[in-house]
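Subject: A structure for you to look through

Dear colleague,

Here is the structure I promised to hand over, with its sequence alongside. Please open it first and then read the notes below while you turn it on the screen.

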Amino acid sequence: MPRKIGNLTLYSVDDLHELLGISKLTLRSYLREGKLRGRKLGVSWYVTEEAIREYFEEPQPEPTSASAA
C-alpha cells in the first residue's frame with residue numbers, strides 16, 4: 001500500500017510490482033541505473049507518482065534493424 005506524506009504519495013518496489021506487474025529485480029535495476037527516479041530510505045526504495053509518469057512519458061529508443069543497408 002502506497003504511503004502518503006501530505007500531498008506526496010510514495011510507492012515501494014513491492015507496490016510497483018503489484019500495480020505494474022514488473023518484477024522486483026527489474027524495478028530495483030531501473031532504480032539503480034537511473035531509468036526510474038527514486039530514493040532509497042534505509043533499505044527500501046520509494047518512487048513518487050511524478051517519477052512513474054516521467055518513466056512512461058520518456059521516449060523509448062527505436063529498435064535498429066540489422067538488415068537496413
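**A hairpin and its neighbours**

Strands E3 and E4 form a hairpin in which 2 residues lie between them, and Gly42, which belongs to the turn, has a positive phi of about 70°. Please keep in mind as you read that this is a predicted model, so the values here are all computed from it.

The two strands of that hairpin, E3 (residues 39-41) and E4, pair in the antiparallel sense over 3 bridges, and one bridge that you can look for joins Leu41 to its partner Ser44 in E4. Strand E4 (residues 44-48) also pairs with strand E2 (residues 8-12), again in the antiparallel sense and over 3 bridges. If you follow E2 to Ser12, you will find Tyr46 of E4 standing opposite.

**The chain as a whole**

How many helices and strands does the protein chain have? Its secondary structure comes to 3 helices and 4 strands, and, when you read along the sequence, these elements follow the pattern β-β-α-α-β-β-α. The chain has 69 residues, of which buried residues make up 25%. It exposes about 5500 Å², and carbon and sulfur atoms supply 53% of that area. Where contacts link residues at least 6 apart in sequence, 32% of them join residues at least 24 apart.

**A cavity inside**

Rolling a probe the size of a water molecule over the atoms shows where empty space is left. For this model, the count comes to 1 cavity of 30 Å³ or more, and the volume of the largest cavity is about 40 Å³.

Which residues line the largest cavity? The lining is made up of Leu16, Leu20, Ile22, Leu27, Tyr30, Leu36, Ile52, Tyr55 and Phe56. When these residues are sorted by type, 9 are nonpolar, while no polar and no charged residues appear in the lining.

The helices are worth following here, since helix H1 (13-20), helix H2 (24-33) and helix H3 (49-57) each supply at least two residues of this lining. Which of the helices gives the largest share? That share comes from H3, which contributes 3 residues.

When you have the model open, you might begin at the hairpin of E3 and E4, go on to the pairing of E2 with E4, and then look for the lining residues in H1, H2 and H3.

With best wishes

Notes
Residues are numbered from 1 along each chain as its sequence is written. This is a predicted model: local features need pLDDT of at least 70, side-chain atom pairs count only at pLDDT 80 or more; totals for chains, interfaces and linings use all residues. Side-chain values use heavy atoms; hydrogens and water are left out. On a 1 Å grid over the protein atoms alone, a cavity is a set of points where a 1.4 Å probe fits but cannot get out, and a pocket is an open set with protein on both sides within 12 Å along at least five of seven lines; lining residues have an atom within 4 Å of a point. Grid points are joined across faces, edges and corners, and a volume is the space filled by probe spheres set on the points. Ala, Val, Leu, Ile, Met, Phe, Trp, Tyr, Cys and Pro count as nonpolar, Asp, Glu, Lys and Arg as charged, and the others, Gly among them, as polar. Buried means under 20% relative accessible area, exposed over 50%, partly exposed in between (1.4 Å probe, protein chains only). Contact means heavy atoms within 4.5 Å. Accessible areas come from the Shrake-Rupley method with a 1.4 Å probe; for residues, only the protein chains shown count as cover. Two strands pair if DSSP finds at least two bridges between them.
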